[in-house]
Amino acid sequence: METSTQVPEIQNQWIIRLTNFWRTFSKNRIGIVGLAMLIVIVFMAIFAPVIAPYDSSSSASEIGDVYNPPSSSHWFGTDDAGQDVFSNFVFGARVSLIVGFFAAFISIIIGGLLGLVAGFFGGRMENFIMRFTDIMLVIPDLPLMVVVVALTKPSLLNIIFVIGLLGWTTTARVVRSQTLAVKSRKFVLRARAVGAGKGHIISRHILPLVTPILVVQAVLVVSLAILNESALSFLGLGDPTALSWGQMLNYAFGRGAMSIGAWWALLFPGFGIVWVVLGLTLLGQGLEQILNPRLDTHHLMPGRPVIQGKMGMALEKIIEKIIEKSPLLEVRNLSINYINEGKPPARAVENISFTLKEGELIGLVGESGCGKTTLMLALLRLLPSAGQIVNGQVLFNGKNLTALNEQEINAVRWKDISIVFQGAMNALNPVRTVGDQIAEAIIKHMPGFARDQRLQERVIELLDLVGIAADHKEHFPHQYSGGMRQRAMIAMALACNPQIIIADEPTTALDVMIQAQILELLDSLRKKLGLAIIFVTHDLGVVAEICDKVLVMYGGVTAEYADVDIIYNESRHPYTQELLKAFPDLTKPKKKLSSIPGYPPRLDALPAGCRFAPRCPLAFERCHTEQPLLHKLNDSQSADHIASCHLLEASK
């Protein structure tokens, strides 16, 4: 009974997958054009007896019907035997497609199997297979095929096997590369840990991820097989009993079609070969864009639609204009100095402005020493004693936080705005349990919980929210891994249901895998709880993936401020452009990275003009004497694109 109920479920799953695939594929214009071109030829080959006006073996009874030009009775003209070229063209499509598809099937089976074995098992077996593959790649395919076919009987079956047996090398290399990439992933290691055999791992974990590459490769191999068959037939090595497009070209050249100007005998079979090869190539490119995850470009590529949740960015902006969200946090011309007796003040932050709306994530980017952490600490008035806010306002729900006394600002901290400090190990008390430290914030700001069972349930709920089991509640910070400590800090920041979280480089000193988990956690919590987040980081890749807006700081001032896609695709400040040049892009593997020479300026000895001028490749005389103003740019789709550079005055 279980088997009988599982069959319909499996069928329904396949129907759903195919439906979803078609929805995605139907949006790919290149793939649709290629598929349509291929369908036309396949339809013509299947229904050849119906479509062709004459039988492929029928010939004219009079010598005057030889090499007649196209007419109403013979659409593509006649050949040297008086046969209708259009009929031969239709029947020839059958042979060309049969050779192409069957030879490609053989090549894909051989190449896929060798690639899987080499990539999965490695060692001596991999070395032997890949060295043999390298030798086969060195030998040109077509000359080798000519030699092999010439030494055997030139039949259709022989041609299929020769093309199939010699055309697997590229497939083997592609499949091996993909297998190596998949084999090293964590879920394969997990499958081995639970006792899965090699056959199970290959069939259930490796092959499903290699299959999309095989599908794309198969489409391209079909076109190569058709070209090879046409070349062999054109050279007189085709099956004389099977009429293909290559055979039609061979007959036309060998029997004087060119000398008497019978262009139609050559044009139409040649056009058929080009049509099929072009259609298969377009189809292969379309499938590769959908099935190959390595070609999935990031959402900030120029011309690529930006999707957030279930709506695009354009739709979201329209809705925002209708709703007119008021800013949750608004920073206006904030300036911060560090005061040292007997020394000039260090202007750590100067005239910084930005807004933060509900559910928005703004990235704060810049090199070390540019004032990012100072700015974040100032928002909650947590600056050290030497730090002073000398100008500006920080408005939270219309309330100026810079004007509040200590008691009033304490009511805002952690309940309305919380912070995830840089370096979780240093931010946690080493002699108190993590659960106790999370509860401390709740007791301070939510006295209704008191010290009862509800408080412990709340702590467990917070730990569960960030992926930490309840039995770790009584553990000390040193008993946590680096990633767990960072998650505990996030749980602590969520303790009092704040509206804004400041994340000051929360992934510092963590390995890449843990960084990805923490970032994914922050982004999911933002969407789930409607949080607004200020994210301080050096990693432009992180900013590209999760942020909505970006504030680029240099030397304590605003270099550029705009939506994240504008920053990556239409940045106008030289500093932003230089930062992007140093950012590796996986979609451009040959892109040469460059670093910015020099160092950020000392905040107590700032240059007279633009603070980036000593390092700017575009600086001119004015940049070294006059500090640039902030310019609001209207040359993009962003309503709030601001940059400070003298070069922008002409574009205003």
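Q: Which handedness does the crossing of H5 and H8 have?
A: In this predicted model, helix H5 covers residues 123–138 and helix H8 covers residues 169–183. Their axes come within 9 Å and cross at roughly 145 degrees. The crossing of the two helices is left-handed.

Q: Which residues of H8 make the contact with H5?
A: H5 contributes Glu-126, Met-130, Thr-133, Asp-134, Met-136 and Leu-137. On the other side of the contact, H8 supplies Thr-169, Thr-170, Arg-173, Arg-176 and Leu-180.

Q: How are H4 and H7 oriented to each other?
A: Helix H4 spans residues 85–121 and helix H7 spans residues 156–166. They pack with axes 7 Å apart, at an angle of about 40 degrees. Angles under 35 degrees would count as roughly parallel, and 65 to 115 as roughly perpendicular. H4 and H7 are therefore oblique.

Q: In which hand does H4 pass H7?
A: On the H4 side, the meeting residues include Val-95, Ile-98, Phe-102 and Ile-110. From H7, Leu-156, Ile-159, Phe-161 and Leu-165 are among the residues they meet. The crossing is right-handed.

Q: Is Ile-41 buried or exposed?
A: Ile-41 sits in helix H2, residues 29–46. Its relative accessibility is 4%. Buried means under 20%, so Ile-41 counts as buried.

Q: How many residues apart in sequence are Ile-41 and Trp-275?
A: Leaving aside neighbours within four places in sequence, Ile-41 is in contact with Ala-93, Leu-97, Trp-245, Trp-275 and Val-276. For Trp-275, the C-alpha to C-alpha distance from Ile-41 is 8.5 Å. Their separation in sequence is 234 residues.

Q: How many residues does the largest nonpolar core have?
A: Nonpolar side chains tend to be buried together in soluble globular proteins. Here, Leu-329, Phe-354, Leu-375 and Leu-379 have the most contacts inside the largest core. That core has 100 residues.

Q: How many residues are in the second, separate core?
A: Met-248, Leu-249, Ala-265 and Leu-266 are included in this second core. Its size is 48 residues.

Q: Which residues does Phe-354 touch, not counting residues up to four places away in sequence?
A: Phe-354 is one of the residues with the most contacts inside the largest core. Its list has one charged name, Glu-330, and also Tyr-561. The rest are Leu-329, Val-331, Ile-362, Leu-375, Leu-379, Ile-534 and Leu-551.

Q: Which residues of H14 are buried?
A: H14 is mostly covered, with seven of its eight residues buried. The buried ones are Lys-372, Thr-374, Leu-375, Met-376, Leu-377, Ala-378 and Leu-379.

Q: What phi does Arg-381 take just after H14?
A: Arg-381 lies in the loop between helix H14 (372–379) and strand E6 (387–396). At 25% relative accessibility, Arg-381 counts as partly exposed. Its phi is positive, in a residue other than glycine. The value is about 55 degrees.

Q: What is the relative accessible area of Asn-333?
A: Asn-333 lies in strand E3, residues 329–338. Its phi is near 50 degrees, a positive value in a residue other than glycine. Asn-333 is partly exposed, with a relative accessible area of 41%.

Q: What share of the accessible surface belongs to carbon and sulfur atoms?
A: The protein chain has 652 residues, and 46% of them count as buried. Its accessible surface comes to about 33,200 Å². The carbon and sulfur share is 60%.

Definitions and conventions. Residues numbered from 1 in each chain as written. Predicted model: local features only at pLDDT ≥ 70, side-chain atom pairs only at ≥ 80, totals over all residues. Heavy atoms only, no water. Core = buried A, V, L, I, M, F, W, Y, C linked by side-chain atoms within 4.5 Å. Buried < 20%, exposed > 50% of the residue type's maximum accessible area, 1.4 Å probe, protein only. Contact = heavy atoms within 4.5 Å. Areas by Shrake-Rupley, 256 points an atom, 1.4 Å probe, with all protein chains shown as cover. Axes fitted to C-alpha atoms, helices over the stretch in contact; angles between N-to-C directions. Helix = DSSP H or I, 4+ residues; strand = E, 2+ residues; numbered from the N terminus. Parallel < 35°, antiparallel > 145°, perpendicular 65-115°, else oblique. Left-handed = near helix turned anticlockwise from the far one by under 90°.
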